[in-house]
Amino acid sequence: MKKWLFVMMALCIVALAACSNEEGSYETIALNEVEGKMSEGYIVLDVREPNEFAEGHIPSAQNKPLSALQQEDFSELSKEEKYIVICRSGNRSQTASDILVTEGYDVVNVSEGMSSWTGDIE
């Protein structure tokens, strides 16, 4: 009986590990990791609406609102690039990351957002 339980637990662990690495997943990083990812060549993709973006954004960030992504507007984005997806608080960036990774983009999601950003803004 103990042997059977051990085998079942091992199979569950293997199944869970496989699910966590399935295609279509992405990494979520903390706000303090953004600059490090930028130095690795990632582009900041701010998914807030244009009026929010205009109020202040990370220098060199690209704006592509979540509302546009939800309408399948991927213009100005390249699957050859790597993106750091950020919003105001972290909710929209997660939704945007889900959409983008499904479409084949290489993204990392930021768990917090611009409301907590203490770095330079434009």
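This passage describes the fold of a predicted model, from the overall layout to single residues.

The chain contains five helices and five strands. Read from the N terminus, these elements follow the pattern α-β-α-β-α-β-α-β-α-β. Of the 122 residues in the chain, 36% are buried. Among contacts with a separation of 6 or more, 64% link residues 24 or more positions apart.

The five strands come together in an open sheet, and a walk across it meets them in the order β1-β5-β4-β2-β3, with parallel pairing. At the edges stand β1 and β3 (62-63), each of which pairs on one side only. As general background, the strands of a sheet pair through backbone hydrogen bonds, in either a parallel or an antiparallel sense.

It is convenient to follow the sheet from the β1 edge. Strand β1 (residues 27-29) runs parallel to β5, and three bridges join the two. Within this pair, I29 lies opposite V110 of β5. Strand β5 itself spans residues 106-110 and is mostly covered, with four of its five residues buried. On the β4 side, β5 pairs with strand β4 (residues 82-86) through four bridges, again in the parallel sense. Here I84 faces V108 of β5. The connection between these two strands is a β-α-β crossover: the chain leaves β4, passes through helix α5 (residues 91-102) and enters β5, and the crossover is right-handed.

Continuing across the sheet, β2 and β4 are also parallel and share four bridges. In this pairing V44 stands opposite I84 in β4; I84 thus appears again, having already been placed opposite V108 in β5. The last step leads to the other edge, where two bridges join β2 to β3 in a parallel arrangement. One of the residues involved is D46, whose bridge partner in β3 is N63.

D46 deserves a closer look. This residue belongs to strand β2 (residues 43-46). Is D46 buried or exposed? With a relative accessible area of 0%, D46 is buried, because the cut-off for a buried residue is under 20%. Its surroundings can be listed in full: once neighbours within four places in sequence are set aside, D46 is in contact with F53, H57, Q62, N63, K64, P65, I86, C87 and M114. N63, the bridge partner of D46 in β3, is thus also on this contact list.

Helix α5, already met in the crossover, can now be described in its own right. It has 12 residues and extends 17 Å from its first C-alpha to its last, close to the 16 Å expected at 1.5 Å a residue. The buried residues of α5 include S93, A96, S97, L100 and V101. These residues lie on the same side of α5, because they cover an arc of only 125° around the axis. The general geometry of an α-helix helps here: there are 3.6 residues a turn, so residues three or four places apart point the same way. On the face turned away from the buried side, α5 carries the exposed residues N91 and T102.

What lies over the buried residues of α5? The cover includes β2, α4 (66-70), β4 and β5. Helix α5 packs on the sheet, where it touches β2, β4 and β5, and its direction makes about 170° with that of β5. Just after α5 comes G104, which takes a positive phi of about 100°.

Two further residues with positive phi may interest the reader, and neither is a glycine. In general, most residues other than glycine have a negative phi. S60 has a phi near 75° and is found in the loop between α3 (50-54) and β3. Its relative accessibility is 56%, so S60 counts as exposed. E76 shows a positive phi of about 70° and is placed in the loop between α4 and β4. At a relative accessibility of 62%, E76 likewise counts as exposed.

Terms used
Residues are numbered from 1 along each chain as its sequence is written. This is a predicted model: local features need pLDDT of at least 70, side-chain atom pairs count only at pLDDT 80 or more; totals for chains, interfaces and linings use all residues. Side-chain values use heavy atoms; hydrogens and water are left out. Buried means under 20% relative accessible area, exposed over 50%, partly exposed in between (1.4 Å probe, protein chains only). Two strands pair if DSSP finds at least two bridges between them. A crossover is right-handed if, with the strands pointing away from the viewer, the path from the first strand over the helix to the second runs clockwise. Contact means heavy atoms within 4.5 Å. Axes are lines fitted to C-alpha atoms, for helices over the stretch in contact, and angles run from 0 to 180 degrees between N-to-C directions. The expected span of a helix is 1.5 Å times one less than its number of residues. The arc is that of the directions from the helix axis to the C-beta atoms.
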